[in-house]
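Reader: I would like a close look at one aromatic residue in this chain, taken together with the parts around it. Please go through it step by step and then set it against the rest of the fold.

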Amino acid sequence: MLEAGFWGLVGGSALMVGALLAWFLDLPKRLIAGVMAAGSGVLISAVAFDLMDEAFTQGGLAAAGGGFLGGALAYTLANIAVSRAGARHRKRSGFNPAESQPAATANGGLAIAIGALLDGVPESVVIGVSLLDGTGVSLVTVAAVFLSNLPEGLSSVAGMKRAGRSARYVFGVWGTIALASGAAAMLGHAALADAPPEVIAAVTAVAAGAILAMLVDTMIPEATEEAHEASGLIAVAGFLFAFVLSKLAE
């Protein structure tokens, strides 16, 4: 359980890394979008080859398919709520004051933080579940979670700074969410340690559906907006990296 918490914290720590980089450096928007595109490719590979394939093997088509659709539906409903509260562009790699984005407001900054927690919990639970078979953590999943969290930390700090938030507040928020990611991985591991294969399969599929819905709703559109000429190629490279890593780990 402690190992699950550690790897969940590693994945969540990307939020703090991104926040630190954005606070002290003025990074090109296209660079951040490129990281987001690569993370999208890695996550798609993880969903297809690590999560759904494992869910089908453990629980069959009904558990895998039902959980997958249920996770996507739950994420979509929650995402609509936080988006209307000001977190629609929480993964956006830059800020244009002329657009008067909600992320520039104090409430928008808080909504972004809640949205980051919404994005991170399914990913962290998957990290905890990946340790249940005794073969060690899935490095592909950890890499995918890290790469998806990094641009979120990078992009959201701009809105919080423009809302007048202090460094203590900003890093306190992201540090808390990083710790919550570790806690989610620990709880996922502990809660499912003695669960039957069908339940583990359904939970894994729920997380997979939520992650894929998150990709299509937030990461891919924001990555394409800034790096549209190369976003597809970068995503393919990320997918291939994760695919090769998964095969080497077998």
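Author: In this predicted model, F171 counts as buried, because its relative accessibility is 17% and the cut-off for buried is under 20%. The ring of F171 is paired with that of W23: the two centres lie 5.6 Å apart and the planes stand at 65°, so the pair is edge-to-face. W23 belongs to helix α1, whereas F171 belongs to helix α5, which spans residues 167-191, so this pair ties together parts of the chain that are 148 residues apart in sequence.

The pair of F171 and W23 can be set beside the other aromatic contacts, for the count of aromatic pairs comes to four. One of them joins F6 and W7, again edge-to-face, with 5.1 Å from centre to centre and 70° between the planes. F6 is partly exposed at 47% relative accessibility, and W7, at 21%, is likewise classed as partly exposed, since that class begins where buried, under 20%, ends. Elsewhere, F49, F239 and F243 come together as one aromatic cluster.

Helix α1 covers residues 2-24, and the loop between this helix and α2, residues 29-87, holds L25. L25 is partly exposed, with a relative accessible area of 49%, and together with V17, L20, L21 and F24 it makes a nonpolar surface patch of about 440 Å². For the chain as a whole, the accessible surface comes to about 10900 Å², and 70% of that belongs to carbon and sulfur atoms.

Turning to the interior, the largest nonpolar core has 27 residues, and those with the most contacts inside it are L43, V47, L51, M52 and M219. Helix α2, helix α4 (139-162) and helix α6 (197-227) each supply at least two residues of this core, and α2 gives the largest share, 12 residues. M52 offers a view from within: leaving aside residues up to four places away in sequence, M52 touches V47, A64, F68, A205 and A208. A second core, separate from the one just described, has 15 residues, including A19, A116, L154 and I177.

Another buried position lies towards the other end of the helix numbering, in helix α7, residues 231-248, where S231 is found. S231 counts as buried because its relative accessibility is 9%, and, with residues up to four places away in sequence not counted, its contacts are A37, A223 and T224.

These details belong to a chain whose secondary structure comes to seven helices and zero strands, so that, read from the N terminus on, the elements run α-α-α-α-α-α-α, numbered in that order. Of the 250 residues in the chain, 48% are buried, a group in which both F171 and S231 are placed. Among contacts between residues at least 6 apart in sequence, 85% join residues at least 24 apart, and the pairing of W23 with F171, across 148 residues of sequence, is an instance of a link between distant parts of the chain.

Methods:
Residues numbered from 1 in each chain as written. Predicted model: local features only at pLDDT ≥ 70, side-chain atom pairs only at ≥ 80, totals over all residues. Heavy atoms only, no water. Patch = residues over 30% accessible without salt bridge, like charges linked within 9 Å, V, L, I, M, F, W, Y side chains within 5 Å. Areas by Shrake-Rupley, 256 points an atom, 1.4 Å probe, with all protein chains shown as cover. Salt bridge = Lys/Arg side-chain N within 4 Å of Asp/Glu carboxyl O. Helix = DSSP H or I, 4+ residues; strand = E, 2+ residues; numbered from the N terminus. Buried < 20%, exposed > 50% of the residue type's maximum accessible area, 1.4 Å probe, protein only. Core = buried A, V, L, I, M, F, W, Y, C linked by side-chain atoms within 4.5 Å. Contact = heavy atoms within 4.5 Å. Phe/Tyr/Trp six-rings, centres within 6.5 Å; stacked < 30°, edge-to-face > 60°.
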